[in-house]
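Please study the sequence and the structure shown here before attempting the exercises. Each task is followed by a solution in steps.

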Amino acid sequence: MALADRDTTLILDNLAHACILDGTFLAAGSPGRAPEVRFFNHNSARSLERVLKTRERPNAMVLVEGIYSLDGDMGHLKAIVEVCERYNAVLVVDDAHGSGTLGVHGRGILEHLELEGRAPIVVSTFSKVFGGIGGIILASTDVIELIQHNARSFVFSATLPVPIVAAAATILTMLEDDGVALVQELQENARYMRGELVSRGFDLGLSDTHIMPVMVRDERKAMILHQMLFDRGIYMVPITYPGVKPGEERLRVNITRGHTRAEMALALDCLDELGAACEIRKQDQVAPAAP
Ligand SMILES: Cc1ncc(COP(=O)(O)O)c(C=O)c1O
């Protein structure tokens, strides 16, 4: 919000996270600021280029994610960075799910795609991999100072609690010291789970990361499956409207490096059994009897 004014067009991927939308709406509703707000088709550099060409304000800021949190797919940042550079647009990457999980050392989507230094602003969270609350912004000193003096959410709220900062600092040190092994362990678990889910016929939508939505496409079934799995000690978050459109309901499988093979095998067996009962896969659906 602090970075956009009446000379700015904010351009968002149309699957951008709710917090990106909320920041955008705050800017759009602020007296005297009111940037133009536009959307481009999910992960489409071509659609982004069309919006950049037809925008009404001189400055452009493009807001995307490293990993889209509900679909588990990576941002197509190679093409998006190239378009932003060509149109002199400022790229903001929210790497909440990529920090500590992507890239050889866990530095995120930009390390993974060999784009470090090509996004002028990166934001991330101290939840997810860090297990806390709050977040970080990585940008030039000028940008950071502008935010520190203009962002109402920063100026008028207390600092993060010391234990949260200590925990985040500890995780950062772990990543610096041992990131390669930590990321490898996570990716190994994710590869195993993905292979098993796919071979058992589950539809994982767009996912190409450790976040794997198991598509259910029915709100009641998603809630019932979540509860039945929970009763067996397995936590898969149900994602329903307004998180996703009606008909795109899903259970989110979020693999960590801490999951054991035994835990993943149990989750897979339970999903197999309960998924069959709820008929969420093509193979579970009984063909209607011939007339
Ligand atoms: C892409 C993205 N950005 C930001 C957030 C907000 O993170 P938090 O509220 O945990 O700091 C999330 C949480 O799901 C997210 O997926």
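The exercises below concern a predicted model.

**Exercise 1.** Determine which residues of helix H3 are buried, and how they are arranged about the helix axis.

*Solution.* Step one is to locate the helix: H3 comprises residues 77-86. Step two is to list its buried residues, namely Leu77, Ile80, Val81, Val83 and Cys84. Step three is to look down the axis of H3: these buried residues fall within an arc of 165°, so they line one face of the helix. In general, an α-helix has 3.6 residues a turn, so residues three or four places apart point the same way.

**Exercise 2.** Describe the surroundings of H3: what its opposite face carries, what covers its buried residues, and what comes just after the helix.

*Solution.* The face turned away from the buried side carries the exposed residues Lys78, Glu85 and Arg86. The cover over the buried residues of H3 includes helix H2 (45-54), strand E3 (59-65), strand E4 (90-94) and helix H4 (109-112). Just after H3, Asn88 adopts a positive phi of about 55°.

**Exercise 3.** Establish where His105 lies and whether His105 counts as buried, exposed or partly exposed.

*Solution.* First, His105 belongs to the loop between E4 and H4. Next, count its neighbours: His105 has 15 C-beta neighbours inside 10 Å, and therefore counts as partly exposed. Finally, leaving aside residues up to four places away in sequence, His105 touches Glu111, Gly179 and Val180.

**Exercise 4.** State how the shell around the ligand divides by class.

*Solution.* The residues around the ligand include His17, Cys19, Glu65 and Asp94. By class, the shell has two nonpolar, six polar and two charged residues.

Key: Residues are numbered from 1 along each chain as its sequence is written. This is a predicted model: local features need pLDDT of at least 70, side-chain atom pairs count only at pLDDT 80 or more; totals for chains, interfaces and linings use all residues. A residue is near a molecule or strand if its C-beta atom, placed from the backbone, lies within 6 Å of it. Ala, Val, Leu, Ile, Met, Phe, Trp, Tyr, Cys and Pro count as nonpolar, Asp, Glu, Lys and Arg as charged, and the others, Gly among them, as polar. A residue is buried if 20 or more other C-beta atoms lie within 10 Å of its own, exposed if 12 or fewer, and partly exposed in between; C-beta atoms are placed from the backbone. Helices (H or I, at least four residues) and strands (E, at least two) are DSSP runs, numbered from the N terminus. The arc is that of the directions from the helix axis to the C-beta atoms. Two residues are in contact if their C-beta atoms, placed from the backbone, lie within 7 Å.
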